[in-house]
Amino acid sequence: MTSYINHPLLKKDAIESRLYQQILAGDVLKKGNTMVVAPTALGKTIVAILVAADRLNKVKNSKVLVLAPSKPLAIQHEESFKEFINLPCTSLTGAVKTDERIKRWEESRIICATPQTIESDLLNGRYDLSNVSLIVFDECHHGVGSYSYVYLASRYVQESNFNLILGLTASPGSDKYKIKEVCENLYIQNIVVKTEDDADVKPYFNPVEIEWVKVKMSGELAKIKENVDKALKVRLKALKNMGIIKTVSVNKVDILKARSRVQGEIARSANPDKELFQAISILSAVINVQHAQELIETQGVQTFNKYVARLRKKQTKAAKSLMWDDNFSRAVRLAREAEKHGWEHPKLREVTKILKQELGDNGQTKLSTSRFEDKSDESASKIIIFTQYRDTLEMIHQKLEKEGIKSAKFFGQAPKDGEKGLTQKEQKAIIKSFRMGEYDVLLSTSVAEEGIDIPAVDLVVLYEPVPSEVRMIQRRGRTGRKRTGRVKVLITEGTRDEGYYWSSIRKEDRMKNQLIDQEVLEELNASAVERMENQRNVKVIDKPKKENNFPIVYADSREGNSKVIRHLTEMEIDVQVRSMAVADYQVSDEVAIERKTAKDFVDSIIDKRLFKQAKELSEEFKHPILILEGDDLYTGFINPNAIRGSMASIAIDFGISILPTRNAQDTAAMIKRIAVREQNGERTPIQIRTDKKPVSLLEQQLFIVESLPNIGPVNAKNLLKHFGSVSKVLNASETELQEVEGIGKKTAKDIRKVIDSKYLYFEKEIKEKKLL
């Protein structure tokens, strides 16, 4: 007989009583900030719900914040918490309007959200984390670098009166230092690992059977690869002769390191040797050829041919040299012939064979195929095929269509080669159709690795192994949720497929060993405790009240996710995020700051943005400033003299001061110092440039008229055409205004009200002083 957990805040007979989940929840509540590492489908969300129920019950009127890296996953958590807990629950994502987000935050006890949305709202002062008694970081392995999880954990430790942090992940990574970084960033003091082999888990866990499916490269592919290999060998020999590499037996990582060294030499030289630029071009070509090699070995001729077509469009020396290379050109011709004759990679035939065996010889499930019948019966066989490349995904889809197998393509939102990405609404519809049995096979890129809820997948086919243990675990976790799961990994013999597979296996073993190594855990724990104590000593700076004289810094909304704003909020600075037409930061009417990282500075020279931005900045502000952040300015492909010339032009031709900073924190400190100097302890009103200043007389006239209520560009032109001048527009009566096309009674009344109303600023100021 099934027993259920009883709790004042949990719905009756909603959560099955599983001892291991209750122990995990108890550990979190007893030991403090914890990372729970457990396979997908082991019920980590239930653990979070149990911890949340306890915190909400004990800490009266508090809130629980559940963070997830994607909108679909955040909404999925909202549905789970609503299913089990008797308290108001909501979701906050970028799709929800600002006012509605504030309302939902105030009215709800459980908030499921994307981290970027919460970060933006906190930076804009819409609410704070002071009454949040638990914060859950789902897929917490994302908590590295500048990802929003890092800032939110720091902010939470500072603000909350009773903080508790719970991190959930199936795979924190194999690198000890990566695990340590996640733990430090999220203040994790305790790591709990659960595996499918644990005695208390086994009764609830469906095993996953993994099968290698080896295929041999066809003769046609081998010939193509032979010519690609020759093109690569020629370039590697040239690099060896130049002293750039020591041996021709190198991998992609070795080539990237070599390129970095050459870029460093170019950066350090006032007049770089031409051979260094030649080496950079050859190294770039090598990277292209290595990628082409991988496509031939692991994907097939169609994917290779599409890559070559993109390469042909590039105007770089590296790309052109490949198109002129006899060996590479021969490989391209052979690949075209192969595609013309329908010669496929053996994997494609193997995939078709696997699916027909799984679904039946006719490629259909044995269930009724009536379009009106609900085919979500769990006895229906459902399959996911993962592939790294969207080109390969399209190739498999076309093959399955010819074979009469119903499949759906599932990929990300970014467009590629003229093909639009899938919107979140479209992604959701595809998953729903797949669940209902309209498709037997879901063809997916990495977008389906985490965060989608597909409970009854019987088979996962990996078109190629990936060297990342995190991604392999995520892919494997898509099956085995309702019954025994199966994974088939396609591997081309004698290729990098084998190396990638073994790499992921070794990394996964290393991850497990490190997570149970007591010395490693103690080291992580000590580091997290120390950081938490340091962070708690950092005073949280609330939005300044009128009596405070903290400097004010206006930041452009496009800087919202930068580390600079995060660091500014930790200083005695009033940061106001606004949509600004020019500059990234403004500290007075005369001083505005454009911030560029070294990479962005170089990129803006190449795409010709730099001088346009400089012109606008110098025209809008009396004292414009450019902050140049980072010390890797000369590590790109552009000649250092071009960079120096651009800097000279910015300073001399446009009169913009250039201030160097080391990193985002240094940039924040510099902006604060400029604001302190400029404002001199006085909080005077600053006119923010939400629109660029009009330049011509016509632009100025339109600018003035467009500022009137409900007047856009079209109505402004109509008004000026009708009355002939700005003064006549401003002096027109309501009746006269209504004679103009597009101007109704309400708009005319609103215009006259703005023009005729008395300016009340000084009266308001006098009243405020009397109250004080």
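Two strands count as paired here if DSSP finds at least two bridges between them. With that in hand, a good way into this predicted model is through its sheets.

One of them is an open sheet of six strands, and its order reads S15-S14-S16-S17-S18-S19. The pairing in this sheet is mixed. At the edges sit strand S15, covering 574–578, and strand S19, covering 657–661, and each of these pairs on one side only. Further in, strand S16 (residues 585–586) and strand S17 (residues 591–597) run antiparallel and are joined by two bridges. To pick out a pair by name, Gln586 has Ala592 in S17 as its bridge partner.

This sheet also has a helix lying across it. Helix H24, made up of residues 664–679, crosses strand S14 (552–556), S16, S17, strand S18 (623–629) and S19. Relative to S18, H24 runs at about 160°.

The other sheet to look at is built from seven strands. It is open too, with the order S3-S4-S2-S5-S6-S1-S7, and here the pairing is parallel. Strand S3 (89–92) and strand S7 (190–193) each have a single partner strand, so one side of each is left without a neighbour in the sheet. Going from one strand to the next, the twist averages 20°. Inside this sheet, strand S1 (residues 34–37) is paired with strand S6 (residues 165–169) in the parallel sense, over four bridges. Val36, for its part, has Leu168 in S6 as its bridge partner.

Next come the helix pairs. Two packed helices are described by the angle between their axes and the distance between the axes. For helix H21 (residues 598–606) and helix H23 (residues 640–652), the angle is about 90° and the axes are 11 Å apart. Angles of 65 to 115 degrees count as roughly perpendicular, and H21 and H23 are therefore roughly perpendicular to each other. On the H21 side, the contact is made by Phe601, Val602 and Ile605, while H23 brings Ile643, Ser646 and Met647. Sorted by class, the residues where H21 meets H23 come out as five nonpolar, one polar and no charged.

Closer to the end of the numbering used here, helix H25 (residues 697–706) packs with helix H26 (residues 713–723) at an angle of about 110°, and their axes are 9 Å apart. H25 and H26 are therefore roughly perpendicular to each other as well. H25 puts Gln701, Leu702, Val705 and Glu706 into the contact, and H26 answers with Pro713, Ala716, Lys717, Leu719 and Leu720. This contact of H25 with H26 has six nonpolar, one polar and two charged residues.

Finally, there are the cavities. Searching the whole structure turns up four cavities of 30 Å³ or more, and the largest has a volume of about 80 Å³. Its lining consists of Ile210, Leu462, Met472, Arg476, Val487, Val489, Tyr501, Ser504, Ile505 and Glu508. Helix H17 (469–476), strand S13 (485–492) and helix H18 (496–516) are the elements that give two or more residues to this lining. The largest share, four residues, comes from H18. By class, the lining of the largest cavity splits into seven nonpolar, one polar and two charged residues.

Terms used: Residues numbered from 1 in each chain as written. Predicted model: local features only at pLDDT ≥ 70, side-chain atom pairs only at ≥ 80, totals over all residues. Heavy atoms only, no water. Contact = heavy atoms within 4.5 Å. Axes fitted to C-alpha atoms, helices over the stretch in contact; angles between N-to-C directions. 1 Å grid on protein atoms, 1.4 Å probe; cavity = no way out; pocket = protein on both sides within 12 Å on 5 of 7 lines; lining within 4 Å. Points joined across faces, edges and corners; volume = space filled by probe spheres on them. Nonpolar A, V, L, I, M, F, W, Y, C, P; charged D, E, K, R; others polar. Parallel < 35°, antiparallel > 145°, perpendicular 65-115°, else oblique.
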